[in-house]
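Here is a short report on how the strands of one protein model fit together. Have a look at the structure first, then read on.

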Amino acid sequence: MKYSILLLALMGCSEQSAEPRYTFYATATVYNIEESQTDSTPDICADGTKAGYDKRIIAVSREQLERWGGRIRYGDRVRVTGAGKHDGVWNVHDTMNRRYGAYKPSYDFGVKGIVEPHELGDYSVDGVAHVDFQVPDKLGKWWVTVEVLD
């Protein structure tokens, strides 16, 4: 039993200290497992994974996926910082609808258009990258750092 606990503790440490394959900065919001926010099959992610708030699933904007010229693959794990209680390691299993581009901070709902480059403290956001946390929360928006771990 104590070896199982030690193994679990070590696994958690490795996720938090793993060297990222690459890092990018993004806007982040939340989405719910609801047809009004997804498609006609809200319980199925873009890669076929069964959706669930307990699975720490994250959706990325289409241009981030290899399929559309990006550097992220379904199944990749990403470490997100800058989103408060949503910081940590997430699993890429979903994609935002193509009607969505980068999030414009002045919008409270939806992801519309591409924002112009602008400075955010120590780094610049290019207005293209966006991620969505699959959580039961109804609202939330952040500027985040995303590290792709595998």
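## The barrel and its strands

In this predicted model, six strands close into a barrel. Their order is 1-7-2-4-3-8, and the pairing is mixed. From one strand to the next, the twist averages 45°. Axes here are lines fitted to C-alpha atoms, and angles run from 0 to 180 degrees between N-to-C directions. Strands (E, at least two residues) are DSSP runs, numbered from the N terminus. Two strands pair if DSSP finds at least two bridges between them.

Residues are numbered from 1 along each chain as its sequence is written. Local features need pLDDT of at least 70, side-chain atom pairs count only at pLDDT 80 or more, and totals for chains, interfaces and linings use all residues, while side-chain values use heavy atoms, without hydrogens and water.

Three pairings can be set side by side.

| Strands | Direction | Bridges | One bridge pair |
|---|---|---|---|
| Strand 2 (residues 57-60) and strand 4 | parallel | four bridges | Ile58 and Val92 |
| Strand 3 (residues 77-81) and strand 4 | antiparallel | four bridges | Val80 and Gly88 |
| Strand 2 and strand 7 (residues 130-134) | antiparallel | three bridges | Val60 and Val131 |

Strands of a sheet pair through backbone hydrogen bonds, either parallel or antiparallel.

Is strand 4 mostly covered or mostly uncovered? Strand 4 spans residues 88-95, and seven of its eight residues are buried (under 20% relative accessible area, with a 1.4 Å probe and protein chains only). Strand 4 is thus mostly covered.

Strand 3 and strand 4 also form a hairpin. Six residues lie between the two strands. In this hairpin, Gly82 takes a positive phi near 110°.

Methods
Buried < 20%, exposed > 50% of the residue type's maximum accessible area, 1.4 Å probe, protein only.
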